[in-house]
Amino acid sequence: MIAEAGLAALWLAAAMALLQLVGGLTLLRGGAGQLVPLIKPAAYVQGALCTLAFFALMWLFYVTDLSVLLVASNSHIDKPIIFKLAGTWGNHEGSMLLWVAVLSVSGAAIAFFENRVDPKTLSATLAVQAFIALGFFAFLLFASNPFERLVPAPLEGAGLNPLLQDVGLAFHPPTLYMGYVGLSIAFSFAVGAMLTNQVGPAFARAMRPWVLGAWIFLTIGIAAGSYWAYYELGWGGWWFWDPVENASLMPWLAATALLHSVSVLATRNALRAWTIMLALVAFAMSMAGTFLVRSGILTSVHAFAVDPERGAFILALMLMYTSIAFVIFALRIGTVKQGEPFQLVSREGGIVANNIFLSVILAVVLIGTLYPLAAEAMGDKISVGPPYFNKATVPVMLLLMLALLIGPMLRWRRDALMRMKYWLIGAAVILVSGGLAAWILAPEVGLYPLLGIALSLALAVAAWMPLRGRKLLRTPLPTFGMVIAHFGIAVSVFGMAAESGFSKETLTALAPGESAEVAGWKVQLEDVKPVVGDNWVAVEGQMVASKNGDMFELGPQSRQFFKPEMQTSEAALLTRWNGQLYAVIAQPDQEGDGRWQVRLWWKPFVTFIWYGGILIALGGAISLLGRMFRRAKKPAINKWERA
């Protein structure tokens with residue numbers, strides 16, 4: 001009965017979305033019928049019903065109800081409980097149900113909390129949210145029913161992809177989906193504001209917390225996914241420019257530009273057209289990411305749940321939503337006022353430069369991701385890999401960092417670079433000194449890692465400059481958030497540059513008692529022993545790593561899973577303050593002499609990549625909390641309701 005109750009909740013939620021949409025359309029057409037007062041209650045009920053449906057599916061996975069097709073196809077009676085629960089969204093149907101549940105709950109939250117925009121604009125926003133939700137309800141109810149029964153029920157279940165049987169599954173997809181859905185809210189606000197001709201600071205202030213929240217979750221999701229792939233796939237890398245990795249990066253790039261633009265519109269009444277355009281593009285990129293992950297149209301080590309037919313359904317939704325939105329944009333953009341003017345050398349000008357650089361990177365990544373698809377449709381089989389992305393994006397990223405050294409110190413409206421001459425001289429000294437120091441320590445380092453290290457050191461100092469001369473106890477929390485986020489970017493870029501420029505690798509075959517060296521580390525294979533897990537068996541290499549008299553134990557594994565059958569590598573990581581020792585053991589050497597294939601890496605400062613990601617998300621969270629506290633202390637007077 002749980003499955004049937006969950007399916008019934010989905011149908012009722014879809015009916016509430018339809019009611020919400022019709023009520024909003026009635027209001028937009030100038031009507032004031034009986035459906036209009038039901039818009040907000042419909043949003044509340046829709047959110048509650050979707051939450052009920054999602055928790056019903058989680059319960060089915062928790063009890064391993066193999067009479068449900070989705071559970072039988074993606075779970076197993078012997079699987080650890082955390083992977084049973086996380087398996088709820090490790091598939092087509094469950095992940096889309098999570099998408100709709102977060103979308104519906106967010107719509108309910110907008111209806112409940114938002115009172116700072118024109119009620120007509122709010123109703124239009126909720127109508128757009130309902131329109132988006134209806135497409136995904138149709139997808140779930142007609143193409144991807146998560147509650148479909150299986151008769152007869154199997155005895156064990158097919159199991160979950162072993163690469164997904166990791167704690168990363170519990171955090172990575174949900175955070176990404178929250179980010180994607182947050183961008184759908186920005187999209188709804190933008191379309192609603194265009195429909196009601198209310199594109200201005202009030203609309204931007206209402207949208208900004210949702211954009212910031214989406215950006216925080218996307219940052220956490222990308223960082224978590226990068227680290228998950230780094231230690232789980234056993235190849236020693238943290239970013240492969242894989243199509244599915246790009247699918248999460250593209251919305252983040254658009255959301256970063258949108259976050260800066262909406263802040264300018266909210267506080268300075270400028271960049272109106274930029275803000276609307278970026279809101280539409282950000283949501284289009286989130287939909288494109290969903291399509292790439294779920295369609296199977298591009299080959300990826302991350303594309304675990306693929307289905308071309310259902311991918312076509314998602315593609316149709318994406319084209320419908322974005323086409324309608326851009327048609328509205330084309331028809332309404334002429335009615336959007338220009339906003340307050342500003343000079344090229346100003347904080348607004350710096351943010352425009354920031355948006356341009358981010359948009360160029362987004363375009364490069366989008367072309368590189370989709371070009372193989374277009375070429376294959378024309379009969380050519382090509383692949384676009386890291387060489388293209390690195391050569392095309394890294395120079396623009398370096399220019400973006402250079403802009404970050406100056407932009408936050410500029411004044412609003414107008415400024416002069418001569419006012420900042422001492423800082424510009426100081427930044428140049430830091431750049432040259434950092435670059436020379438890196439080159440002296442490692443003359444063989446490449447140009448891009450060298451520039452990355454120099455710029456990251458300068459940015460690490462520049463990030464704190466906005467606090468200069470301020471009374472820290474009176475400094476707004478959003479300013480602290482900006483400072484910490486920019487410092488996090490410097491930390492991440494330093495880690496990226498150091499890892500790509502100074503990594504060392506050793507590939508060898510060792511018998512017990514033999515050793516190998518990498519970057520001054522001596523790693524000895526002591527023994528190889530069998531290990532048994534809940535639903536796998538493995539051979540574990542018992543190793544001892546030593547350097548400067550310090551000794552550490554490592555235990556990389558080569559695992560064999562049964563349900564489904566797959567072999568995986570479980571890397572062993574030894575983290576020190578200045579980097580990580582990364583060890584992987586594979587199959588016995590083919591010569592049959594008792595040796596095992598062993599791969600070792602020394603990755604200087606690689607952990608700074610994820611430390612920086614944490615700081616970036618922390619900065620966003622501090623900024624969001626600051627704005628929430630400010631709103632709680634100074635609640636806005638809702639002139640619309642008073643009138």
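Let's start with an open space in this predicted model: the lining of the second largest pocket is made up of 19 nonpolar, five polar and eight charged residues. In total, 32 residues line this pocket, and P209, W210, G213, L624 and M628 are the ones nearest its centre. Where do the lining residues come from? Helices α2, α5 (92–113), α7 (168–195), α8 (201–232) and α17 (608–633) each give two or more of them. As for volume, the second largest pocket holds about 870 Å³ of space. How does anyone find a gap like that? Rolling a probe the size of a water molecule over the atoms shows where empty space is left.

Now move from the pocket to the surface. I2, W59, Y62, V63, I81, I82, V167 and F171 together make a nonpolar patch of about 720 Å² there. Two helices, α2 (39–62) and α4 (81–86), each supply at least two of the patch residues. Take I81 as an example: you'll find I81 in helix α4. Is I81 buried, partly exposed or exposed? Its relative accessibility is 42%, so I81 counts as partly exposed, because that label covers the values between 20% and 50%.

Next up are the charged side chains. How many salt bridges does the model have? The count comes to seven, and three of them are worth a visit.

Begin with R149 and E4, which form a salt bridge whose closest N and O atoms are 3.0 Å apart. These two partners come from distant parts of the chain: R149 sits in the loop between α6 (119–143) and α7, E4 sits in helix α1 (residues 2–28), and 145 residues separate them. Both ends can be reached from outside to some degree: R149 is partly exposed at 30% relative accessible area, and E4 is partly exposed too, at 37%. There's a third member to meet here, since shared salt-bridge partners join E4, D65 and R149 into one network.

While you're in the loop between α6 and α7, look for P152, which is found there as well. The peptide bond leading from V151 into P152 is cis, and its omega is near -5°.

For the second salt bridge, travel further along to E499 and K603. Their side chains meet with an N to O distance of 2.8 Å. Again the pair links distant parts of the chain, with E499 in helix α16 (residues 477–502) and K603 in strand β10 (residues 596–604), 104 residues apart. Are these two buried or exposed? E499 has a relative accessible area of 10%, so E499 is buried. K603 has just 3%, so K603 is buried as well. The cut-off behind both labels is simple: buried means under 20%.

Strand β10 also takes part in the third salt bridge, this time through R599. The side chains of R599 and E505 meet at 2.4 Å, N to O. E505 lies in strand β1 (residues 504–510), so this pair ties together parts that are 94 residues apart in sequence. Here the labels read another way: E505 is partly exposed at 45% relative accessible area, and R599 is partly exposed at 29%.

Finally, let's turn to the backbone. Which residues have a positive phi without being glycine? R413 is one of them, with a phi of about 75°. You'll see R413 in the loop between α13 (386–406) and α14 (421–441), where its relative accessibility of 23% makes R413 partly exposed. A519 is another, with phi near 50°. This residue lies in the loop between β2 (515–518) and β3 (521–532), and A519 is partly exposed, with a relative accessible area of 34%.

One last stop is V539, in strand β4 (residues 536–547). V539 is partly exposed, at 24% relative accessible area. How far apart are the C-alpha atoms of V539 and Q560? They are separated by 8.8 Å, while along the chain the two residues are 21 residues apart.

How values were computed: Residues are numbered from 1 along each chain as its sequence is written. This is a predicted model: local features need pLDDT of at least 70, side-chain atom pairs count only at pLDDT 80 or more; totals for chains, interfaces and linings use all residues. Side-chain values use heavy atoms; hydrogens and water are left out. Patches are made of residues with over 30% relative accessible area and no salt bridge: like charges are joined within 9 Å, nonpolar side chains (Val, Leu, Ile, Met, Phe, Trp, Tyr) within 5 Å. Accessible areas come from the Shrake-Rupley method with a 1.4 Å probe; for residues, only the protein chains shown count as cover. A salt bridge is a side-chain nitrogen of Lys or Arg within 4 Å of a carboxyl oxygen of Asp or Glu. Helices (H or I, at least four residues) and strands (E, at least two) are DSSP runs, numbered from the N terminus. Buried means under 20% relative accessible area, exposed over 50%, partly exposed in between (1.4 Å probe, protein chains only). On a 1 Å grid over the protein atoms alone, a cavity is a set of points where a 1.4 Å probe fits but cannot get out, and a pocket is an open set with protein on both sides within 12 Å along at least five of seven lines; lining residues have an atom within 4 Å of a point. Grid points are joined across faces, edges and corners, and a volume is the space filled by probe spheres set on the points. Ala, Val, Leu, Ile, Met, Phe, Trp, Tyr, Cys and Pro count as nonpolar, Asp, Glu, Lys and Arg as charged, and the others, Gly among them, as polar.
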